[in-house]
Structure formats: C-alpha cells, structure tokens
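Here's a quick tour of the bonds and charge pairs that side chains make in this protein. Have the chain open in your viewer and follow along.

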Amino acid sequence: VQLQASGGGLVQAGGSLRLSCAASGRTFSSYTMGWFRQAPGKGREFVAAISWSGSSYHADSVKGRFTISRDNAKNTVYLQMNSLKAEDTAVYYCAATLKVPTTLVARYDYWGQGTQVTVSS
C-alpha cells in the first residue's frame, strides 16, 4: 500500500488543522492506520491509531485535542487537530499495518512521506 499525507501547514497556537492520508490499493479497510510525529532532534512518537473496525487510540499528550478517523470508501484516514500547541510542531507521518493497533513504530510496515505542522506561539 502507498500512503500520501497532506494538510500540514503553519497555524497559531489554539488553532486547528486536519491532516489527511490517502492510501492506494483495494485492501485499505483491512489495515490498522496510525499517525506518528517527529520533532527536530527527537525520535518518532505515536500520536493515534485506528483499527479496521474503527476502534481508536490516542496518545495521552493529544487526548481530547486530536481525533483520528477513517473513511474506507475513500481509502483515507484523517487526523483532526484542535487546540494546537507549540509542542505539537513536528513532521506528521501516516502509517499502515495489518497487525492490531500499536504504538510501536517498528510494527508498521508502510509509511507516508510526512507533512509539516508548525504551530506558532
């Protein structure tokens, strides 16, 4: 599966953005989808994941502010980001796996190219 992330940009603290990740292939609905982020000088960290059936999981740092969702008819997963903070600044990556939802980077087999999110304070 090939993944294409989009929707990043520059936003003021307190603002919102919605990231999208479009997937190729006819088996999108079978995949667990995840969002990760990587800030400069830091490792890639888990943000959110959603199972094929729609069960979602969010990192504590974004819980209540970010929401992951998917539209299997459009082969797309979304990350709605509200109440953005300067510490949310990072490159955001979408990822896919046929395994159950996990926070572990190594368990995802396919990655998109990343989209930059910059939050100004």
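## A salt bridge out in the open

K63 and D60 pair up in a salt bridge, with 3.1 Å between their closest N and O atoms. Keep in mind that this is a predicted model, so the distance is computed from predicted atoms. If you're hunting for this pair, look at the outside: K63 and D60 are both exposed.

## A pair within one loop

Next up is K99, whose side chain meets that of D109 in a salt bridge at 3.4 Å, N to O. Both partners sit in the loop between strand 9 and strand 10 (110-111), yet they're ten residues apart, and the pair counts as a link between distant parts of the chain.

How exposed is K99? Its relative accessible area is 30%, which makes K99 partly exposed. D109 comes in at 44% relative accessibility, so D109 is partly exposed as well. The cut-off for exposed is over 50%, and for buried it is under 20%, so values in between get the "partly" label.

## R37, E45 and the network

Now for E45, which forms a salt bridge with R37; here the closest N and O atoms are 2.6 Å apart. What is R37, buried or exposed? R37 has just 6% relative accessibility, so it counts as buried. E45, on the other hand, is partly exposed because its relative accessibility is 36%.

These two don't work as an isolated couple. R37 and E45 belong to a network of salt bridges that also takes in R65 and D88. As a general point, side chains with opposite charges can pair when their charged atoms come close. Counting up, the structure has five salt bridges.

## The disulfide

How many disulfides are there? The count is one. It joins C21 to C94, and the two sulfur atoms lie 2.1 Å apart. That falls inside the 2.5 Å cut-off, so the pair counts as a disulfide.

This bond ties together distant parts of the chain: C21 belongs to strand 3 (residues 17-23) and C94 to strand 9 (residues 90-97), with the two positions 73 residues apart in numbering. Why is the disulfide called right-handed? The torsion about the S-S bond of C21 and C94 is about 60°, so right-handed it is. As for where to look, C21 and C94 are both buried, whereas K63 and D60 from the opening section are exposed.

Key. Residues numbered from 1 in each chain as written. Predicted model: local features only at pLDDT ≥ 70, side-chain atom pairs only at ≥ 80, totals over all residues. Heavy atoms only, no water. Helix = DSSP H or I, 4+ residues; strand = E, 2+ residues; numbered from the N terminus. Buried < 20%, exposed > 50% of the residue type's maximum accessible area, 1.4 Å probe, protein only. Salt bridge = Lys/Arg side-chain N within 4 Å of Asp/Glu carboxyl O.
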